Amino acid sequence: DPEGRWFGLTMRARVIYGSRERVSPDTISRYEDLADPRFKGRVCSRSAKQVYMVSFIASRIAEWGEPQTERWLEGVKSNLARKPQGNDRAQAKAIAEGECDVALGNTYYYGAMQANPEERAWAEATILIFPNQADRGTHVNISGAAVTSAAKNRAEAVRLLEFLSGDEAQGLYAEQNYEYPVKPGVEPSAIVASWGPFKADPIPLVEVAQERAAASRLVDRVGFDEAG
């Protein structure tokens, strides 16, 4: 936060999961491509009212403006292979089972699938595509924290947040939850590092947060969750 009211503890990228057999980064390299008619009937999605999706759509409004974002969301809706449902893992499962070819998902879920014997096949059937590397970069989400003005144990709360942003806890986040550390100098886990580096969208998250209400209204106006 520019005014120091909160700070991030972990970071994850909102990427495109693609079928390893049917999709390559050459065929889909931008978020814009999800609305391309080439992907008619090939896109899966979780509910657009879920927090990750609302934040992502808010980021599109912040960068594109509401009219262009609405046209894009209508295009994605028209490309859906099924009614929006499930979580990010469910989208990878649907891709593995041939129900669709592409979907949005967070990177740390992909790491969790790779590490879980019961879900590893879903990860092995998909590839991670970091969108918009040739221009603005890939959208990122954070887990953040703040101490409220009403906190009764402010000193202890501050010490907790200092610990969570320090080397030890940042390393735990990286190894146990497949997150990207926010503290410079702390390395990601071997699984995360294997995906390679990426360029993150530098848009300030305070600007994204300002568009969350507009994003929620847009999802309802488009009727995204009623598709399929």
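**Close-up 1. Helix 2 crosses helix 10 with a right-handed turn.** This view, like the others, comes from a predicted model. Two packed helices are described by the angle between their axes and the distance between the axes. For helix 2 (residues 66-78) and helix 10 (residues 212-222), the angle is about 45° and the axes are 10 Å apart. Helix 2 is therefore oblique to helix 10. Helix 2 contributes Glu-66, Thr-69, Glu-70, Leu-73, Glu-74 and Lys-77 to the contact. Helix 10 contributes Ala-214, Leu-218, Val-219, Arg-221 and Val-222. By class, the contact of helix 2 with helix 10 holds five nonpolar, one polar and five charged residues.

**Close-up 2. Glu-66 sits in helix 2.** Is Glu-66 buried or partly exposed? Its relative accessibility is 28%, so Glu-66 counts as partly exposed. Leaving out residues up to four places away in sequence, Glu-66 touches Ile-61, Ala-214 and Arg-221. Ala-214 and Arg-221 belong to the helix 10 side of the contact with helix 2. Glu-66 and Val-51 are 15 residues apart along the chain, and their C-alpha atoms are separated by 18 Å.

**Close-up 3. Helix 3 and helix 4 pack at about 60°.** Their axes are 9 Å apart. The crossing of helix 3 and helix 4 is right-handed. On the helix 3 side, the contact is made by Asp-88, Arg-89 and Ala-92. On the helix 4 side, Tyr-109, Ala-112 and Met-113 take part. The class count for helix 3 with helix 4 is four nonpolar, no polar and two charged residues.

**Close-up 4. Arg-89 lies in helix 3 (residues 88-96).** Which residues does Arg-89 touch, not counting those up to four places away in sequence? They are Tyr-109, Ala-112, Met-113, Glu-119 and Trp-122. Tyr-109, Ala-112 and Met-113 make up the helix 4 side of the contact with helix 3. Arg-89 has a relative accessibility of 23% and so counts as partly exposed. Its C-alpha atom and that of Gly-196 are separated by 21 Å, with their places 107 residues apart along the chain.

**Close-up 5. Tyr-52 and Tyr-109 form an edge-to-face aromatic pair.** A search of the whole structure finds nine aromatic pairs, among them this one. A pair of aromatic rings is described by the distance of the centres and the angle of the planes. For Tyr-52 and Tyr-109, these are 6.3 Å centre to centre and 75° between the planes. Tyr-52 lies in helix 1 (residues 51-64) and Tyr-109 in helix 4 (residues 107-115), so the pair ties together parts 57 residues apart in sequence. Tyr-52 and Tyr-109 are buried. Tyr-109 also touches Arg-89.

**Close-up 6. Phe-130 and Phe-198 form a stacked aromatic pair.** The rings are 4.7 Å centre to centre, with 10° between the planes. Phe-130 is in the loop between strand 4 (126-129) and strand 5 (140-145). Phe-198 is in the loop between helix 8 (190-193) and helix 9 (205-209). The pair links distant parts of the chain, 68 residues apart. Phe-130 has a relative accessible area of 11% and is buried. Phe-198 counts as buried at 17% relative accessibility.

**Close-up 7. Ring pairs join four residues into a cluster: Tyr-31, Phe-56, Trp-64 and Trp-72.** Phe-56 and Trp-64 fall within helix 1 (residues 51-64). Trp-72 falls within helix 2 (residues 66-78).

Key. Residues numbered from 1 in each chain as written. Predicted model: local features only at pLDDT ≥ 70, side-chain atom pairs only at ≥ 80, totals over all residues. Heavy atoms only, no water. Axes fitted to C-alpha atoms, helices over the stretch in contact; angles between N-to-C directions. Helix = DSSP H or I, 4+ residues; strand = E, 2+ residues; numbered from the N terminus. Parallel < 35°, antiparallel > 145°, perpendicular 65-115°, else oblique. Left-handed = near helix turned anticlockwise from the far one by under 90°. Contact = heavy atoms within 4.5 Å. Nonpolar A, V, L, I, M, F, W, Y, C, P; charged D, E, K, R; others polar. Phe/Tyr/Trp six-rings, centres within 6.5 Å; stacked < 30°, edge-to-face > 60°. Buried < 20%, exposed > 50% of the residue type's maximum accessible area, 1.4 Å probe, protein only.
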